[in-house]
Amino acid sequence: MAKAKLTFADIDVTVTVPMGTRIVTVSEKAGAGIVYGCRENDCGECMIEVVAGMENLSTPSALEKRLLQEKRAKPINRLACQTAVLGDATIKPA
Ligand code: FES
């Protein structure tokens, strides 16, 4: 399976993950400072800032877009519980 490199800028750690891995499944193991609540696109606690590689992340669903809007997110923000890694990217907690 193809792999991608996901860098957590807040702790300067890069992990190699299978493409399609959701950020939520690797960030805690890596020790990154992303905070989770519901893990179901409901609370917005897991908002991240995409430092690089936005084009290498899964397209946000309509539900994620709606919650990002409600939380007044910027275009560089995503929800870590909803976002899958499809190529190299660098992120940090928002
Ligand atoms: S943890 Fe609640 S929206 Fe991601």
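The following exchange between a visitor and a guide walks through the fold of this predicted model.

Visitor: What kind of model is this, and how are its residues numbered?
Guide: This is a predicted model, in which local features need pLDDT of at least 70 and side-chain atom pairs count only at pLDDT 80 or more, whereas totals for chains, interfaces and linings use all residues. As for the numbering, residues are counted along each chain as its sequence is written, starting from 1.

Visitor: In what order do the elements of the protein run from the N terminus?
Guide: Helices (H or I, at least four residues) and strands (E, at least two) are taken as DSSP runs and numbered from the N terminus. The protein has two helices and seven strands, and from the N terminus on their order is β-β-β-α-β-α-β-β-β.

Visitor: Why does the radius of gyration of the protein agree with that of a compact globule?
Guide: The radius is taken over C-alpha atoms, and the globule rule is 2.2 Å times the number of residues to the power 0.38. The C-alpha atoms fill a box of roughly 35 × 25 × 20 Å along the principal axes. Because a compact globule with 94 residues would have a radius of gyration near 12 Å, the value for the protein agrees, being 12 Å.

Visitor: What share of the contacts with a separation of 6 or more joins residues 24 or more positions apart?
Guide: Two residues are in contact if their C-beta atoms, placed from the backbone, lie within 7 Å. Among contacts in the protein with a separation of 6 or more, the share from residues 24 or more positions apart is 62%.

Visitor: Which strands form the edges of the open sheet?
Guide: Strands pair if DSSP finds at least two bridges between them. The open sheet has five strands in the order S2-S1-S7-S4-S5, with mixed pairing. Since a strand that pairs on one side only is an edge strand, the edges are strand S2 (13-18) and strand S5 (77-79).

Visitor: Which residue of S7 stands opposite Ile48?
Guide: On one side of S7 (residues 89-93), strand S1 (residues 3-8) pairs with it in the parallel sense over three bridges, with Thr7 having Thr90 as its bridge partner and Phe8 standing opposite Ile91. S4 and S7, by contrast, run antiparallel and are joined by four bridges. In that pairing, the S7 residue opposite Ile48 is Pro93.

Visitor: Which strands each supply at least two residues of the largest nonpolar core?
Guide: A nonpolar core is a set of buried Ala, Val, Leu, Ile, Met, Phe, Trp, Tyr and Cys residues joined through C-beta atoms within 7 Å. The largest one has 19 residues, of which Cys46, Ile48, Leu79, Ala80, Val85, Ala89 and Ile91 touch the most other members. The strands that each supply at least two residues of this core are S1, strand S4 (47-52) and S7.

Visitor: Is Asn56 buried, exposed or partly exposed?
Guide: A residue is buried if 20 or more other C-beta atoms, placed from the backbone, lie within 10 Å of its own, exposed if 12 or fewer, and partly exposed in between. Asn56 lies in the loop between S4 and helix H2 (62-70), and touches Ala4, Leu86, Gly87, Asp88 and Ala89, not counting residues up to four places away in sequence. Because 18 other C-beta atoms lie within 10 Å, Asn56 is partly exposed.
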